Number of protein chains: 2
Amino acid sequence: MIALRRLHAFVAVAEEGQMTRAAERLGMAQPPLSRLVRGLEAELGVTLVRRLPRGVALTDAGQALFEEARTVLARAGGIADTVRRVARGEQGRLAIGFTSSAALHPFVPGALLAFRAVQPGVRTELEEAGTMELIDALQQGRLDAAFVRTPVESIEGLVVDHVLDEPMVAAMPAGHALARNGPSPLPLPALAGEKFILYRRPAGPGLYDAIVAACHGAGFSPTIEQEAPRLTSTLSLVAAGLGITIVPASMEQIAMPGVTFRALLGCPGLFAPINLAFRRSGSSPIAMRFRDTVRRLANGRHGS
Amino acid sequence: MIALRRLHAFVAVAEEGQMTRAAERLGMAQPPLSRLVRGLEAELGVTLVRRLPRGVALTDAGQALFEEARTVLARAGGIADTVRRVARGEQGRLAIGFTSSAALHPFVPGALLAFRAVQPGVRTELEEAGTMELIDALQQGRLDAAFVRTPVESIEGLVVDHVLDEPMVAAMPAGHALARNGPSPLPLPALAGEKFILYRRPAGPGLYDAIVAACHGAGFSPTIEQEAPRLTSTLSLVAAGLGITIVPASMEQIAMPGVTFRALLGCPGLFAPINLAFRRSGSSPIAMRFRDTVRRLANGRHGS
DNA sequence: TCACGACATACCTCCAGGGTATGGAAATCG
DNA sequence: CGATTTCCATACCCTGGAGGTATGTCGTGA
């Protein structure tokens, strides 16, 4: 393997057209440089320079080496900087996952936008997937962080930041009796007797439990008509007239035809969280920067 | 500057995911490799690998170094081969110049074609210019070789190979009296009394002198009506009816309207040479290969 | 022909980098 | 739950390559 320093020296010789001056520029004496060039020639089995009375001239092979060496040196010279920038989290890749319901809340795209603005050297890669897939990807290192609805705190090797809570709203078929009472907030007990379609928790306690608990707190036990594996799919079932559901307010953004949303009144404890999950250890500096950014943004809206 | 061998070692560590195995692959003991990695980390001021109970895992910075190092190593690894191929004349650049009149003879494009077939790694660059410009470019090293009509042997620092001689033909206006006698060869004395338009030698003795000498040998002294700086431009003047000229037979290929060509009969010494000029010293191996190719081709047509 | 400029040779020195021996920590096994 | 295994880290030694100094050689130019 040709040592990089040799190439550097040879480039100096080629550029100066003279070994003596090149040696000076390299901060070394002339004889070692002379030997170095001969060493290169011996290693390659090729004459690189013609020794003239005044200075040296590159042969074709020398010219070729010169050009190759310059590109390699330029590339190699940038390595140290690049690596250091990556280490400081100023450059690199950040893979963020989120569930489709988390992506609906403006905070999530807002946080990504803010991070990209602060860290222009970082390439962000996004992935939308189910909670279980996200957890898997986190543990395997395919993702650096993931926005999820459920508190996955208890999952092995993961750590979770609570980002925000948002209110929940009732969603019912457009033709439903409760949909005709105008846009005023609905007291929770009004939903007693309705058939519920709920998102089944994929991991740990989630919205499902919160909703059931809130109904009990309001004095009734909800009738669970059906469960859905994804928050978004509950709305499809509502639109089909199978029942009503309670979803995070940001789900209204879907504006699904045939579904009417109504705010809920006085439901302590009935809110939908958004959390940001990381690996407990081995997270990249970039991931840590992203965590900081999200925390700062979350505090800026003081938990609203 | 990061030594290339260090990068090589680091790549091995990254690929093996384990220092012990990487050391084995590198043909060295484990402790030096361990130190080498620490040395890299110290030099960059960055942690490159996380030491795990089993093996090591790259940090973001380590991953970045890994990717950068691989590209640099790949490029550097090819250098030796490239340089050696260039030295053997199998790869590189060959700049060939020629006068417009030389380019008309099929031998010249034929030679270039043959050389490209034999040396596919060599990029040929062509330039058409006047004899003086070609000589300049040769001396300054911008060209490796040049096909010229005139024997530039005496020019300082150049050396010339005689490639071939071709017969010359008379060129006259289409309506000229001599043009009506059919395509049979014309004895040179028939041109006595005609007005001649001749190509003036730009350097050393050339066609001009050969033509004048041949006329004297045929018993008459030609009337020089006009001189032209380029062989091709004499034909324009002939077409304009200003006189007749004698040009290399390959000039017939121009098929200029208004010009009729007739072969000449029995003119010893009246022929047009094509020569190949090189720098006397410092020519590249590729240029020498081209010289060989041309010589072989020229011998193949045994001086015809 | 003498001085100068530039590359080559001879010889010495030193340290970067590799080797061996061994320690230490975490995972695995009986 | 020790014993063992498996890696990485540390300590110390040693060699070879790379650099320095002194000097030689060879054209060039005055």
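Start by selecting A:Arg75 and B:Glu68: these two side chains form a salt bridge, with the closest N and O atoms 3.5 Å apart. Keep in mind as you look around that this is a predicted model. Across the interface of chain B and chain A, 2 salt bridges are found, and the count of residue pairs in polar contact there is 6.

Next, colour the side of chain B that touches chain A. Helices α1 (4–16), α3 (30–44), α4 (60–87) and α10 (285–300) of chain B each give two or more residues to that side. Pick out α4(B), which provides the largest share, 18 residues. By type, the residues of this side of chain B divide into 21 nonpolar, 5 polar and 7 charged.

Now show both partners together. Here 33 residues of chain B are in contact with 33 residues of chain A. The two chains bury about 2700 Å² between them, and 75% of that is on carbon and sulfur atoms.

Then move to DNA strand D. Select the 21 residues that surround this strand; the closest are A:Arg35, B:Thr20, B:Ser34, B:Arg38 and B:Arg51. Of the strand's atoms that come within 4 Å of the protein, 63% belong to sugar and phosphate.

Zoom in on three side chains. B:Thr20 has an N or O atom 2.6 Å from a phosphate oxygen of DNA strand D, and A:Arg5 has one 3.3 Å from a phosphate oxygen of the strand. For a base, turn to B:Gln30, where a polar side-chain atom lies 3.1 Å from a base nitrogen of DNA strand D.

Finish with α3(B), which gives the surface near DNA strand D its largest share, 5 residues.

Conventions
Residues numbered from 1 in each chain as written. Chains lettered and ligands numbered in written order. Predicted model: local features only at pLDDT ≥ 70, side-chain atom pairs only at ≥ 80, totals over all residues. Heavy atoms only, no water. Contact = heavy atoms within 4.5 Å. Buried area = accessible area lost by both parts, 1.4 Å probe. Salt bridge = Lys/Arg side-chain N within 4 Å of Asp/Glu carboxyl O. Polar contact = N/O pair within 3.5 Å; in protein donor to acceptor, adjacent residues only side chain to side chain. Helix = DSSP H or I, 4+ residues; strand = E, 2+ residues; numbered from the N terminus. Nonpolar A, V, L, I, M, F, W, Y, C, P; charged D, E, K, R; others polar. Near = heavy atom within 4 Å.
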